[in-house]
Amino acid sequence: MRHSLDVHDDATAVATAAAEHVVARAARAVADHGSFHFAVSGGHTPWAMFAVLAERDMPWEQSVIYQVDERMAPADDPDRNLAHLHEALAGAPAAVVAMPVEAPDPDAAAASYAAELPDRFDLVHLGLGPDGHTASLVPGDAVLDVTDRLVAPTAGEYQGRRRMTLTYPGLARAERLLWLVTGDTKVDPLRALLSGDTSIPAGRVEAGESLIMADRAAAPAT
């Protein structure tokens with residue numbers, strides 16, 4: 001798919017620009033249909049963005065936040081994306097729809113989460129790993145081949161945990177993707193993503209529109 005690329009000086013500038021973009025998209029969505037459906041991935045990039053969002057005029061009461069992916073770990077485990085999300089929200093009155101990763105049957109839990117998803121996300125945040133993964137669509141895992149479900153567990157562990165993730169069909173419900181990509185370890189995967197290289201998991205994501213915000217360290221030389 002075609003991506004737009006915005007390059008900013010550093011990770012702080014990326015977080016600020018991303019927050020302003022989220023506020024604008026939220027206002028537009030609320031004006032159009034009364035609510036803002038926003039899916040957020042894990043990693044490090046979203047939490048700096050949320051810290052800026054906390055200082056902005058954000059329609060939290062009309063916002064519904066979904067998880068793009070989550071580690072299968074106990075609720076109080078510091079590895080959980082949900083713990084970081086609640087901390088980042090700092091009490092903001094958004095509705096959070098958490099992935100049920102503690103359920104005993106991961107496939108059934110994924111199906112139940114899929115049933116809670118909206119027909120369309122107004123915005124989906126994604127990161128990009130040095131190995132080209134995004135969400136928990138990780139290299140070599142059978143979850144990359146799931147085409148008949150919106151949400152699925154990974155077949156194996158990645159960095160010590162099994163995961164639950166939106167699949168490619170799930171991500172395709174996004175009106176717009178917002179990628180936040182920072183750091184010099186992302187130069188090669190970002191170059192691959194921009195070139196449409198489908199050999200990396202991120203390169204196979206399709207959605208309505210795609211905006212990549214990157215810092216200068218991550219941006220490939222032109």
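Me: Why is D9 called exposed?
Reply: The relative accessibility of D9 is 54%. Residues are buried under 20% relative accessible area, exposed over 50% and partly exposed in between, with a 1.4 Å probe and protein chains only. D9 therefore counts as exposed. The model is predicted, so local features need pLDDT of at least 70 and side-chain atom pairs pLDDT 80 or more, whereas totals for chains, interfaces and linings use all residues. Residues are numbered from 1 along each chain as its sequence is written, and side-chain values use heavy atoms, without hydrogens and water.

Me: What makes R216 and D9 a salt bridge?
Reply: Their closest N and O atoms are 2.9 Å apart, and the rule asks for a side-chain nitrogen of Lys or Arg within 4 Å of a carboxyl oxygen of Asp or Glu. R216 follows β10 and D9 lies in the loop between β1 and α1, so the pair ties together parts that are 207 residues apart in sequence. Such elements are DSSP runs numbered from the N terminus: helices (H or I) of at least four residues, strands (E) of at least two. R216 also counts as exposed, at 54% relative accessibility.

Me: How do you know that E209 and R176 form a salt bridge, and where do they lie?
Reply: Their closest N and O atoms are 3.0 Å apart, which satisfies the rule. E209 belongs to strand β10 and R176 to strand β9, 33 residues apart. E209, at 36%, is partly exposed, while R176, at 18% relative accessibility, counts as buried. Elsewhere, E70, R80 and E102 are joined into one network by salt bridges that share partners. By this rule the count comes to 12 salt bridges.

Me: Why are β4 and β7 said to stand at the edges of their sheet?
Reply: The sheet is open, with 3 strands in the order β4-β8-β7 and antiparallel pairing. β4 (69-71) and β7 (151-153) each have a single partner strand, so one side of each lacks a neighbour in the sheet. Neighbouring strands are turned by 10° on average, direction ignored.

Me: What makes β7 and β8 a pair?
Reply: Pairing requires at least two bridges found by DSSP, and 3 bridges join β7 to β8 (residues 163-166). V151 stands opposite L166, and A152 stands opposite T165. Between β4 and β8 there are also 3 bridges, with D69 and T165 as bridge partners.

Me: How do you know that both faces of β8 are covered?
Reply: R163 and T165 on one side, and M164 and L166 on the other, are all buried. In a regular strand, side chains alternate between the two faces of the sheet.

Me: What makes the length of helix α1 agree with expectation?
Reply: The expected span is 1.5 Å times one less than the number of residues. For the 23 residues of α1 (11-33) this gives 33 Å, and the end C-alpha atoms are 32 Å apart, which agrees. Just after α1, G34 takes a positive phi of about 85°.

Me: Which residues of α1 are buried, and what covers them?
Reply: Among the buried residues are V14, H21, V22, V23 and R25. The cover, judged by contact (heavy atoms within 4.5 Å), includes β1 (4-8), β2 (36-40), α2 (45-53) and β10 (209-215).

Technical notes:
Axes fitted to C-alpha atoms, helices over the stretch in contact; angles between N-to-C directions.
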